[in-house]
Amino acid sequence: MSKLTSEQMAKIEPKINHRKCPVCGSTHLMFNEYPTQVLSYSTGDKDIDLSKVSRINCLSGECLDCGFIMQFRLDTLLK
């Protein structure tokens with residue numbers, strides 16, 4: 001997925017600007033300009049079926065103090 005546009009970031013920023021790290025409470029967060037994905041695979045009786053992949057596009061953030069990584073569903077942030 002390509003870099004988020006300035007219009008998308010303008011919609012997202014008010015929703016993430018005042019977030020705190022859920023682990024240490026820090027406000028020193030950095031958010032990635034490129035969406036990440038959470039992948040899931042269907043499982044058969046025994047093995048993962050790699051032909052059936054689904055994904056959720058996310059905005060990832062990192063706490064610069066403790067290193068905690070957080071993800072927010074991009075579709076929800078862009079509403």
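1. Let's start with the contacts in this predicted model. Among contacts in the protein chain with a separation of 6 or more, 53% are between residues 24 or more positions apart. The points below go through some of the residue pairs that bring distant positions together, along with one that does not.

2. Now the overall layout. The protein chain has two helices and four strands, and from the N terminus on the order is α-β-β-β-β-α. The radius of gyration is 15 Å, well over the 12 Å that the globule rule gives for 79 residues, so the chain is more spread out than a compact globule. If you want the extents for setting up a box, the C-alpha trace spans about 45 × 30 × 20 Å along its principal axes.

3. A word on burial and surface. Of the 79 residues in the protein chain, 23% are buried. The chain exposes about 5800 Å², and carbon and sulfur atoms supply 50% of that area. On the charge side, there are 10 positive and 9 negative side chains, with the centres of the two sets 7 Å apart.

4. Which residues form the aromatic pair? The structure holds one such pair, made by Phe-31 and Phe-72. Their geometry is tilted, with 6.2 Å centre to centre and 50° between the planes. Phe-31 lies in strand 1 (residues 29–31) and Phe-72 in strand 4 (residues 69–73), so the pair ties together parts that are 41 residues apart in sequence. Both Phe-31 and Phe-72 are buried.

5. Strand 2 offers two residues to look at, and Val-38 is one of them. Val-38 has 33% relative accessibility, so it counts as partly exposed. Beyond its neighbours within four places in sequence, Val-38 is in contact with Ser-54, Arg-55, Ile-56, Cys-58 and Gln-71. The last of these, Gln-71, is 33 residues from Val-38 along the chain, and the two C-alpha atoms are separated by 9.0 Å. Gln-71 falls within the range of strand 4 (residues 69–73).

6. The other is Tyr-41, also found in strand 2 (residues 36–43). Is Tyr-41 buried or partly exposed? With a relative accessible area of 37%, Tyr-41 is partly exposed. Not counting residues up to four places away in sequence, Tyr-41 touches Ile-48, Asp-49, Leu-50, Lys-52 and Val-53. Take Val-53 from that list: it sits twelve residues from Tyr-41 along the chain, with 4.8 Å between the C-alpha atoms.

7. Please also have a look at the N-terminal end. Lys-3 is found in the segment before helix 1 and, at 40% relative accessibility, counts as partly exposed. Leaving aside neighbours within four places in sequence, Lys-3 is in contact with Gln-8, Glu-33 and Tyr-34. Gln-8 belongs to the range given for helix 1 (6–16). How far apart in space are Lys-3 and Glu-33, C-alpha to C-alpha? The distance is 5.6 Å, although Lys-3 and Glu-33 are 30 residues apart in sequence.

8. Finally, His-28, which has its place in the loop between helix 1 (6–16) and strand 1. At 47% relative accessibility, His-28 counts as partly exposed. Setting aside residues up to four places away in sequence, His-28 touches Glu-62, Cys-63, Leu-64 and Asp-65. The pair of His-28 and Ser-2 is the counterexample promised above: these residues are 26 positions apart along the chain, and their C-alpha atoms are separated by 25 Å. Lys-3, by comparison, is 5.6 Å from Glu-33, C-alpha to C-alpha.

Terms used
Residues numbered from 1 in each chain as written. Predicted model: local features only at pLDDT ≥ 70, side-chain atom pairs only at ≥ 80, totals over all residues. Heavy atoms only, no water. Rg over C-alpha atoms; globule rule 2.2 N^0.38 Å. Buried < 20%, exposed > 50% of the residue type's maximum accessible area, 1.4 Å probe, protein only. Contact = heavy atoms within 4.5 Å. Areas by Shrake-Rupley, 256 points an atom, 1.4 Å probe, with all protein chains shown as cover. Lys, Arg positive; Asp, Glu negative; His and termini not counted. Charge placed at Lys NZ, Arg CZ, Asp CG, Glu CD. Phe/Tyr/Trp six-rings, centres within 6.5 Å; stacked < 30°, edge-to-face > 60°.
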